[in-house]
Amino acid sequence: MAANETTRLLHEHDHDEEHIVDWDGPDDLENPSNWSSRKTWGHVTIVSLLTFLVPLGATMFAPAIQQVMQDFDSSNEVISSLIVSIYVLGWGLGPLVVAPLSEVHGRLAVYTWSNVLYVVFTAACALSPNLGSLVFFRLMAGTMGSTPLTIGGGTISDLVPIQQRGLALSLYMFGPILGPSVGPLIGGVLTETLGWRWIFWVLALVYGCMTVAQILIMRETYPAAILKAKTKRLSRESGTPSLRSKLDNGLSSRQILAQAVVRPARMTIMSPINLILSLASAYVNGVVFLLLTTAPVLFQAEYGFSAQGVGLAFLGFGLGNVGGLAVFSLTSDRLIRKRAAEKTLKPEHRLVPALAGAPLLAVGLLWYGWSAQAHAHWALPIAGTALIGAGNVLFNTAIIGYLIDAFTIYAASAIAANTVIRSVGGTVLPLMGRNLYAALGWGWGSSLLAFLALLCGAALICLYVYGEVLRSKHPVSF
């Protein structure tokens, strides 16, 4: 009797296995991790270019603020900063929808529709008849543009093995890193030659071309979405409706969507690591955009720069970004391979560049602020912005890499949670920038910002030492 029962259960198990749809072996070419190098890096390149253009939209507008305020006959300083930073708030709102939709419908459809809408809202900015509509369309453009920033890390996780992820992350972070420096330069030239509205027309045209390339070249990379489509195809061809994807958790699309909407918030609350990293990222992002909104005031009021000259002043920041990115590219994967060979690899090793980035950011702020306070040669505060740029790159790139490695299948939601809080910092802190420097001056105002950057560095040191313990005590599961 017992033997018969065991035999029946074994047959049922075999029957269940036959109805599970999985990859066709470890070398299945439908699995994105088995794609050719050309196809893999083609996808990484497209996502990286999209991620370059979106931050460009945030920063190209900085040199045009004075012209916009004159055109609309306004002198409101809060509004003048808000026009720039409201775009960043969109980066915080978008992930609340983008990340869940990518888990339900796959990444490809989300990329396509958000890219098309981004072009529409960017063109609407160019046609804005007043400040209110401009602020609204900037918010919507930022929201749509958050897609590559939110799920780009997940796309890299789908495609690239951990030992090669440092190079992929360097390409992916190239846009957010270089955009804040190249953007003001391009924006300054367009503002002086064609007027501020052409900033949006040019951006809409270039992003529209990239959207066409994305639609023609990119394919679905999310494994759960690929196996779901494969299951539907096999069910239809075989007439077997009971087939089920191996990655199917049994939840309906509505349940998955509801769960994924809540997941970033739950992840922030349940994971002290994600909360700490999100707050630190929010501060550093806020400092960068505070620099973007106050540096034009410094260089125009104190040094007599034109709008185009302000754009050129950000080249120092850009060189610092490129230098930081080069250091990250040369060291990150090498360190990871070394730790893997020693069999001591853990996600916390991704934080090493950030441990150098925080103090470098603090030094850059002190250099920038006190050279401006002393009204030293304009090259000195620009040199300070280079150190700020390098510190920003090392800090943020390392954190994105850590989130991908530490949260694996929930990487998109972890990055989404981080992006939401980071974007709030990038929106709110710049609104205080002019008042901060008006009250404390360039020197002491920057010193306060530098001190808080050092506190962020101290928090990362604690995570580097105790992160593994915190992850084991507060596991993230849904």
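**Two helix pairs in a predicted model**

In this predicted model, helix 4 (residues 77–93) and helix 12 (residues 272–302) have axes that come within 10 Å and cross at roughly 155 degrees. Because angles over 145 degrees count as roughly antiparallel, helix 4 is roughly antiparallel to helix 12. The crossing of these two helices is right-handed.

The residues that form this contact can be located on each helix in turn. Helix 4 contributes Ser81, Val84, Val88 and Trp91, which meet Asn285, Phe289 and Thr293 of helix 12. Sorted by class, the contact between helix 4 and helix 12 comprises 4 nonpolar and 3 polar residues, with no charged residues.

A second pair lies further along the sequence, where helix 15 spans residues 352–373 and helix 16 spans residues 379–407. The axes of helix 15 and helix 16 come within 7 Å and cross at roughly 160 degrees, which means that helix 15 runs roughly antiparallel to helix 16. Here the crossing is left-handed, whereas that of helix 4 and helix 12 is right-handed.

The contact between helix 15 and helix 16 draws on residues from both helices. On the side of helix 15, the participants include Pro353, Ala354, Gly357, Leu361, Gly364, Trp367, Tyr368 and Ser371. On the side of helix 16, they include Leu380, Pro381, Gly384, Thr385, Ile388, Gly391, Leu394, Phe395 and Ala398. In terms of class, the residues of this contact divide into 18 nonpolar and 6 polar, and none is charged. Charged residues are likewise absent from the contact of helix 4 with helix 12.

Definitions and conventions
Residues numbered from 1 in each chain as written. Predicted model: local features only at pLDDT ≥ 70, side-chain atom pairs only at ≥ 80, totals over all residues. Heavy atoms only, no water. Axes fitted to C-alpha atoms, helices over the stretch in contact; angles between N-to-C directions. Helix = DSSP H or I, 4+ residues; strand = E, 2+ residues; numbered from the N terminus. Parallel < 35°, antiparallel > 145°, perpendicular 65-115°, else oblique. Left-handed = near helix turned anticlockwise from the far one by under 90°. Contact = heavy atoms within 4.5 Å. Nonpolar A, V, L, I, M, F, W, Y, C, P; charged D, E, K, R; others polar.
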